[in-house]
Amino acid sequence: MELHIQEKGEFQFVDEGNGPVLLLLHGLFGALSNWQDVVGHFRTDYRVIIPLLPIYDMPLTQAGVPGLVKYVEGFVAAINLTEACTVLGNSLGGHVGLEYTLRNPTRVSRLVLTGSSGLFEDGMGGSFPKRGNYSYVQEKVAYTFYDPSVATKELVDEVFTVTNSNAKCLRIIAIARSAQRHNLGKELGRIDVPTLLVWGLNDTITPPVVAHEFNSLIKNSELRFLDHCCHAPMMERPNEFNMLLRQFLQRTEPLTAMAG
């Protein structure tokens, strides 16, 4: 399935289907394609929107979690999205989603986090990208998945191209450090929308203990683990992920939508 990328002003995004809105946020090395199976599964009865986060080319002074949240706020305004929507975030995207929810509580009806940063993450397995070292990049991309074969050559090439640019590397490092600094532990108690946590049991970057901590700090949250799965459940276990997501969406359907 080819995702059709639209443009509006400075924003590039995917906007597929009709119905209640699912706003998807990708991670640090993420791309729109990370959510391909979610789009394919849900666009028949939801409107699935994915902004391409400007991780590699935002002004260096704004390269961080607050800058990305501001970008999402600008994007939502640019496409005139007025209804409260379900926000889904993977890895850094989860962190941005949490911060967005804290800043815009009336705009978020539900939250779905998978392998989210915001409490703890081992960003690059303890080190930052080495420029021009293909086997290093290959190893790091494989480290994101339980099954290294998910780290296709195409995916590794994509990340290698990014880390081969000094300017992009600087932004990645600035954002990764910002994510480590912006610990949300003290603020998560303010989130009261229904929240689904889907975690890989074999996640090495945000280990299961992190998922348990999110679950205890976000009061209206439920936690589901997927076995033989690492940091990107929607890519590694797409069918199970989509099933958990659909069950959650049906169970927490806002009453107004049910009455209508």
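User: What is the order of the strands in the sheet, and is the pairing mixed or not?

Analyst: In this predicted model, 8 strands form an open sheet in the order β1-β2-β4-β3-β5-β6-β7-β8, with mixed pairing. The edge strands are β1 (5–8) and β8 (221–226), each of which pairs on one side only, and the twist from one strand to the next averages 25°.

User: What makes β1 and β2 a pair?

Analyst: Two strands pair if at least two bridges are found between them; β1 and β2 (residues 11–16) are joined by 4 bridges, so they meet that condition, and they run antiparallel. Within this pair, Gln-6 stands opposite Phe-13 in β2.

User: Which strands does helix α2 touch where it packs on the sheet?

Analyst: Helix α2 (residues 65–78) touches β1, β2, β3 (21–25) and β4 (47–51), and its direction makes about 60° with that of β2. Helix α7 (residues 208–217) also packs on the sheet, touching β6 (108–114), β7 (195–200) and β8, and its direction makes about 165° with that of β8.

User: Why is a set of residues called a nonpolar core, and which residues have the most contacts inside the largest one?

Analyst: The name applies because the set consists of buried residues of the listed nonpolar kinds, joined through side-chain atoms within 4.5 Å. The largest such core has 47 residues, and those with the most contacts inside it are Leu-92, Leu-98 and Phe-214; its largest share, 7 residues, comes from α2. Leu-92 touches several residues beyond four places away in sequence, including Leu-28, Ile-55, Leu-68 and Ile-175. Apart from this core lies another, of 35 residues, among them Leu-88, Val-141, Ala-142 and Ala-151.

Methods:
Residues are numbered from 1 along each chain as its sequence is written. This is a predicted model: local features need pLDDT of at least 70, side-chain atom pairs count only at pLDDT 80 or more; totals for chains, interfaces and linings use all residues. Side-chain values use heavy atoms; hydrogens and water are left out. Helices (H or I, at least four residues) and strands (E, at least two) are DSSP runs, numbered from the N terminus. Axes are lines fitted to C-alpha atoms, for helices over the stretch in contact, and angles run from 0 to 180 degrees between N-to-C directions. Contact means heavy atoms within 4.5 Å. Buried means under 20% relative accessible area, exposed over 50%, partly exposed in between (1.4 Å probe, protein chains only).
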